[in-house]
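This report takes up the strands, one helix and one loop residue of the structure shown below. Please keep the sequence and the coordinates at hand while reading.

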Amino acid sequence: MSQPQSGTAENRAWAPTGREQEVDCNLCGSADRCLVAEENQYNVVRCEECGLLYVSPQPTDEDLSEFYAQYFPEESGDIWGEMMRRNFDLDSEYLLRKTGARGKALDIGCGHGEFLRRFAERGWDAFGLDFSPEAAAAANEIEGVQASQGEFAAGLFEAESFDVVTAWYVLEHARAPRTFVEEAFRILKPGGMFGIRVPNMVFSKVFLAMKKIPNMDKLLFAMNIDTDNKSSHFNIIDPPAHLFGFTPKTIEKLLSDVGFGNIAIIPSQPVEVGTTGTLIAKKVLFGSTSLVSLVTGHRFNPAPAVTAYARKI
Ligand SMILES: [Zn+2]
């Protein structure tokens with residue numbers, strides 16, 4: 001089980017089964033960890049060595065299959081493509097600028113294929129993979145896009161076969177993010193570009209501090225920042241949908257450890273969904289967190305989500 005990702009409305013009703021297993025840090029291998037929080041009856045821990053946040057004990061593959069079987073609603077439509085419009089525009093412009101005029105792109109967790117559409121329209125060979133059969137079928141309808149249902153398993157694609165590989169909001173769901181990134185590296189051509197986007201745990205820390213302010217909970221609910229599920233607004237990781245939590249620092253370590261270079265980590269654009277008030281609040285939040293990131297020379301980046309681009313060198 002790995003990148004389930006159609007980005008549609010989610011059903012998170014779930015409880016641990018008792019089959020969960022302790023795991024060590026997936027980024028540095030250390031077994032040293034401290035408990036940070038308990039969320040949805042799972043333990044969220046922080047690696048004492050590298051700072052990676054993760055869930056341990058983790059659900060088994062079987063548990064995750066059962067969880068994801070009830071995760072996607074039957075009819076969801078493509079909310080995701082609309083929510084991610086600005087991010088997808090910026091991502092595709094950046095990645096197309098950094099690569100050749102034509103090439104081969106793979107989007108893992110492609111949803112309804114709206115990101116790949118931007119590559120197909122430029123004459124690229126666009127491939128998609130999504131855990132949701134409905135999303136993969138919808139992406140396949142787009143001219144120039146070939147999408148299939150499934151997980152990003154090792155050996156699924158040939159080595160050095162893609163110019164661009166992307167995974168937007170996928171890594172936090174993955175069973176083993178390091179293996180995932182290693183496989184992306186393997187299938188990229190030398191010089192190829194990798195793009196990912198993940199929730200930013202630096203923001204979660206700020207967020208947790210904010211909720212201690214009187215009446216802040218009401219504002220946060222109104223802003224509907226994290227998820228449509230109001231019970232999980234204050235979660236850092238929100239297991240079992242997410243098993244890992246990254247910061248710009250741990251993302252950079254993950255990418256550079258695997259061998260990527262030219263790593264750029266930037267605040268992600270706000271998700272475009274909600275009432276006018278929500279959208280304004282999100283824009284203010286994005287503007288203020290981006291400014292903090294800028295004035296600190298990107299040493300402190302508290303944006304709700306971060307996008308990373310890296311090159312296989
Ligand atoms: Zn670690």
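## The antiparallel sheet

In this predicted model, four strands make up an open sheet whose order is β1-β2-β3-β9, with antiparallel pairing. Its edges are formed by β1 (33–39) and β9 (244–245), each of which pairs on one side only.

Within this sheet, strand β2 (residues 42–47) and strand β3 (residues 53–55) run antiparallel and are joined by three bridges. One residue pair can be named here, since Val 45 has Tyr 54 in β3 as its bridge partner. As general background, the strands of a sheet pair through backbone hydrogen bonds, in either a parallel or an antiparallel manner.

## Strand β4 and its parallel partners

Strand β4, which spans residues 104–108, is mostly covered, with four of its five residues buried. Five bridges connect β4 to strand β5 (residues 125–130), and the two strands run parallel; in this pairing, Asp 107 stands opposite Gly 128 of β5. Between β4 and β5 the chain passes through helix α4 (residues 114–120), and the resulting β-α-β crossover is right-handed.

Strand β4 also pairs with strand β7 (residues 162–168), again in parallel, through three bridges. Here Leu 106 has Val 165 of β7 as its bridge partner.

## The buried face of helix α6

In helix α6, which covers residues 177–187, the buried residues are Pro 177, Phe 180, Val 181, Glu 183, Ala 184 and Ile 187. Viewed down the axis of α6, these buried residues lie within an arc of 160 degrees, and therefore they line one face of the helix. The general geometry of an α-helix is relevant to such a pattern: there are 3.6 residues a turn, so residues three or four places apart point the same way.

What do the buried residues of α6 pack against? Their packing partners are β7, β8 (188–199), β9 and α9 (248–258). Two of these elements have already appeared above, β7 as a parallel partner of β4 and β9 as an edge strand of the open sheet.

## A buried residue in a loop

Asn 235 is located in the loop that lies between α8 (216–223) and β9. Why does Asn 235 count as buried? The reason is that Asn 235 has 24 C-beta neighbours inside 10 Å, where 20 or more are needed for a residue to be classed as buried.

Along the chain, Asn 235 and Ser 204 are 31 residues apart, yet in the model their C-alpha atoms are separated by 8.1 Å.

Methods
Residues are numbered from 1 along each chain as its sequence is written. This is a predicted model: local features need pLDDT of at least 70, side-chain atom pairs count only at pLDDT 80 or more; totals for chains, interfaces and linings use all residues. A residue is buried if 20 or more other C-beta atoms lie within 10 Å of its own, exposed if 12 or fewer, and partly exposed in between; C-beta atoms are placed from the backbone. Two strands pair if DSSP finds at least two bridges between them. A crossover is right-handed if, with the strands pointing away from the viewer, the path from the first strand over the helix to the second runs clockwise. The arc is that of the directions from the helix axis to the C-beta atoms. Two residues are in contact if their C-beta atoms, placed from the backbone, lie within 7 Å.
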